[in-house]
Structure formats: C-alpha cells, structure tokens
Amino acid sequence: MVLLGAGAPLSASAQSPPDSADWVQVRLHHGTDVESARLTPKRHPLSVRLSSDDPPILRLSPNETMTLGRRQGDVYARHEEANLYARSLRLAPSNGGGWTLTLPSGSTRTYTGRLTLRPADSGAGLQLVNRVPLQDYVASVVAAEYGLGDRAGTRAMAVVARTYALFSSKHFDEDYDHVDGTASQVYRGDAVITEPARRAAQETRGQVLTYDGAPIQSVYFSSSGGHTADNEDIWTDSPSLPYLRGKKDPYDQSSPKHRWTTRVNRRALLRALSLHHGTSVDGFLLGDRTSNGRRATIRVLFSDDGEAAMEASTFRSVVNERVDGVSLKSTWFDARRDGPEYVFSGRGHGHGVGLNQWGAHAMAEQGKSYREILSFYYTGVEIRQLDEMSSPAAVAQDPLSPPVDSTAPRVGW
C-alpha cells in the first residue's frame, strides 16, 4: 500500500474517520488531467444539485448521457438543451444506483454513490470526487489489490482495506480522503468487484484492526522474501510502531516474487541517477543492510570523485520510474556489473512492512483463518467492530509515507 513523498514525519495527533464510518470520499482519475467526461446513469435516475440540501436542477433518466467539463473557474453539466454552470455540482443517483464515467481516452468505469464536480486546483481540468459507500469501496479495493482467490486471505485483505480507508487518510485535500491509485489504495469502481471480494467485505462488515484500542496504519505489500520489516527501517523518519515489527516469514516460499533477478542497462541507470542528483554519476556501491536483510543505503559515486549516501528505497524508486521496462521489486538485493548491464538479484516484492499478501494466501491454503493471518503479520493487534469503538475513534499515528513507486500495482509496492 501506499506511495507518497518520502520523509514526511508521523504525527501523533488523533484523527477521526473521514466523512463518516459509512462512506469514503475518493478522488477519481488522480494524476490525470481530466478536461471532460461523459456520465450515464445505469438503472436509476440521477439528480444534479448545487449542494446536498438544494433541490435538483436537472434530472437524468437511465441511459441518458451528460457531458461534464470546465469553463474558466466554473464546471458545467450539459444535457440536450440544458447547460448548467457553477463552482461545484453534485450528481447523485436515486436508490443507490450506479453510473458510468467515460473519459475522452475511452476509459470507462462504473461507480456507486455520489459524484462531486469541481475545478481542479491547477490547470484547466476537473476534480472528480466519488462519495462511495464504504462496503462498495472495500470490495472494489480487495478485488484490485488481492486477486489470489482464497477465502481467508481475501477476508484478511477486506479488514486491512477497511482500516486503511477509514483511518489512513492522506489529507490530499479537505475535499476528499483518498485518491484512486497507489498513493492510497487501488480503486476502480463497481464493475471490477468479484463475488469473493464482495463476500469478504460483507463477512467482515464493520471490522477494523486496532492496537491498544486505536486503529492501526494497516500497510501491506506483495511478498516478503522470507522476512518482514520493521517500519522505521523502511521509512527512516517514522517512529517505531509496535504492531509493525519484522519477523521471519515461512509463508512466502511459494510466492513467485520470493526470489528474482533483473538486468538493467548500465548507461540508462546512471543517467537516471544523474538526473535525480543533478550531477553526473559514474557508478554506485552497495551500502548497509537493515537487520532484516534489506538494503538501507546506496553510495552514489559522482564524476567529480565525490559521493553521497542515498536511501535504498529512493534508489529503487528512481530506477523504477526513470528506466523504462525495469522493476526493482524490493530493496532486498545484491548487484553486480556484467559488461554493459547491472544484474540485480533480490528477494520479495514491496516494502516488506505489515501484511504479506502472498504469505496470507499461503496461510489460507494451509487452513489458517483470516484472524490468524492478521495476528501473524500485525503484532499484538485486535479486530474490533466500529460500533464498539468510541466516536470519534483515535488513530494511532498519521499515515506512513513510503517513497513514490509509480510502477506499483498495489498500495505500498
């Protein structure tokens, strides 16, 4: 899970669940400059309002299409002869119906809940915020983030996704709690939801992970390589969290990412490092390891005979983002030069903190329950019902800030 700018400190201030415990507000198509879109309600009518309390100013019947866009400082909604302009518009289907959103690129997704339309903060685009029912959001995230098919692992992922949704708001903007990509959790709307994912969300309804009575930062990743990591070893500016402790992980053996090798063009890698540092780079040396085996630092060698220490997580992100077709799957690696290439041999996939998804799958295959899975990967946690907790519920810490990894298919990779 996750992927934000490195180095943001953790705050101990308490936070309450975003919006409410029944809804999550998610910015759609985050990272895309959306200049226009077409919206079509599916089986129920849709109303357009200036605010939640205002009467409808336009109604759209099922399968009718409305064009959304921006004109200077306003947004607009157009349907046949109707042209609505406002600083913001709220579009809500009746009876909890769904609607499709189609971009000029052809991308089409189906959502439930309400859509709020505003001008984007920068550029000439739109800000599209989906106020989605929590259960629909959890089911969609589970379908996108965990497709391994077992019941117990899928249920564990549902509890993790719900906890993260309600208590790990990244505070991107006061208008929304999360975005729909790996900077939060991958959310692709209603059409992607599988029956196992929806069933897992329902079977764990209202359940969240807590430590000492407070919700945790429920980070997760793909494959541990045989050992999970302490959070402070991966995100060096974060305090040690007692429920995010590294441990030997015997359940990762069957992961296809347990061990891996990748070859990287030397010239392309050095160019990427040079662009990152703003000066010519001639090479690098492998630095220290953490206690769990992952690299902590890389020594970057400059052309002027200088050098600098670089966090291994940042090194990984720079290579993944700037070298086409390359994926350093984790910071648990060795490297050697082979002529015009560097050869990286590594273990695991992702940051290594919290829930190991391939490990959860192996535990499920061995007959472990979702509660046993969660208790193994998060030290000392309890599963509690939201309605059993005080309101507002306190968050143990503000969210962790791992480095950006734009190649990551899951939160935190």
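Buried means under 20% relative accessible area. The model in these views is predicted.

**View 1. Helix α6 is mostly covered.** Helix α6 spans residues 312-322. Nine of its 11 residues are buried. The buried set consists of A312, S313, T314, F315, R316, S317, V318, V319 and N320.

**View 2. R316 of α6 has a polar partner in the backbone of K329.** R316 sits within helix α6. Is R316 buried or exposed? Its relative accessible area is 8%, under the 20% limit, so R316 is buried. A polar atom of the R316 side chain lies 3.0 Å from the backbone oxygen of K329.

**View 3. Helices α5 and α6 pack at about 115 degrees.** Two packed helices are described by the angle between their axes and the distance between the axes. Here α5 covers residues 266-277, and its axis is 9 Å from that of α6. The angle makes α5 roughly perpendicular to α6. The crossing is right-handed. Which residues meet? From α5 come L269, A272, L273, L275 and H276. From α6 come T314, F315, V318, V319 and R322. By class, the α5 and α6 contact holds seven nonpolar, two polar and one charged residues. Of the α6 contributors, T314, F315, V318 and V319 are also among the buried residues of that helix.

**View 4. Helices α2 and α8 cross at roughly 60 degrees.** Helix α2 runs over residues 151-167 and helix α8 over residues 370-377. Their axes come within 8 Å. How are α2 and α8 oriented to each other? They are oblique, because an angle of roughly 60 degrees falls outside the 65 to 115 range for roughly perpendicular and is not under 35. The α2 and α8 crossing is right-handed. On the α2 side, the contact uses A152, G153, R155, A156, V159 and V160. On the α8 side, Y370, I373 and L374 take part. The contact residues of α2 and α8 divide into seven nonpolar, one polar and one charged.

**View 5. T112 of strand β10 pairs with D136.** Strand β10 covers residues 108-112 and includes T112. T112 counts as buried, because its relative accessibility is 11%. Its side chain makes a polar contact of 2.7 Å with the side chain of D136. What else does T112 touch, beyond its neighbours within four places in sequence? G97, G98 and W99 are among its contacts. So are N130, R131, V132 and P133. D190 is also in contact with T112, as is D136.

**View 6. G147 lies in the loop between α1 and α2.** Helix α1 spans 134-145. G147 is exposed, with a relative accessible area of 61%. G147 and T194 are 47 residues apart in sequence. In space, their C-alpha atoms are 9.1 Å apart.

**View 7. E80 has a positive phi in a loop between strands.** The phi of E80 is about 50 degrees, although E80 is not a glycine. The loop holding E80 lies between β6 (74-79) and β7 (82-86). Is E80 buried or exposed? E80 is exposed, at a relative accessible area of 68%.

**View 8. D212 also has a positive phi.** For D212, which is not a glycine, phi is about 55 degrees. D212 is placed in the loop between β14 (207-211) and β15 (214-215). D212 counts as exposed, because its relative accessibility is 73%.

Technical notes. Residues numbered from 1 in each chain as written. Predicted model: local features only at pLDDT ≥ 70, side-chain atom pairs only at ≥ 80, totals over all residues. Heavy atoms only, no water. Axes fitted to C-alpha atoms, helices over the stretch in contact; angles between N-to-C directions. Helix = DSSP H or I, 4+ residues; strand = E, 2+ residues; numbered from the N terminus. Parallel < 35°, antiparallel > 145°, perpendicular 65-115°, else oblique. Left-handed = near helix turned anticlockwise from the far one by under 90°. Contact = heavy atoms within 4.5 Å. Nonpolar A, V, L, I, M, F, W, Y, C, P; charged D, E, K, R; others polar. Buried < 20%, exposed > 50% of the residue type's maximum accessible area, 1.4 Å probe, protein only. Polar contact = N/O pair within 3.5 Å; in protein donor to acceptor, adjacent residues only side chain to side chain.
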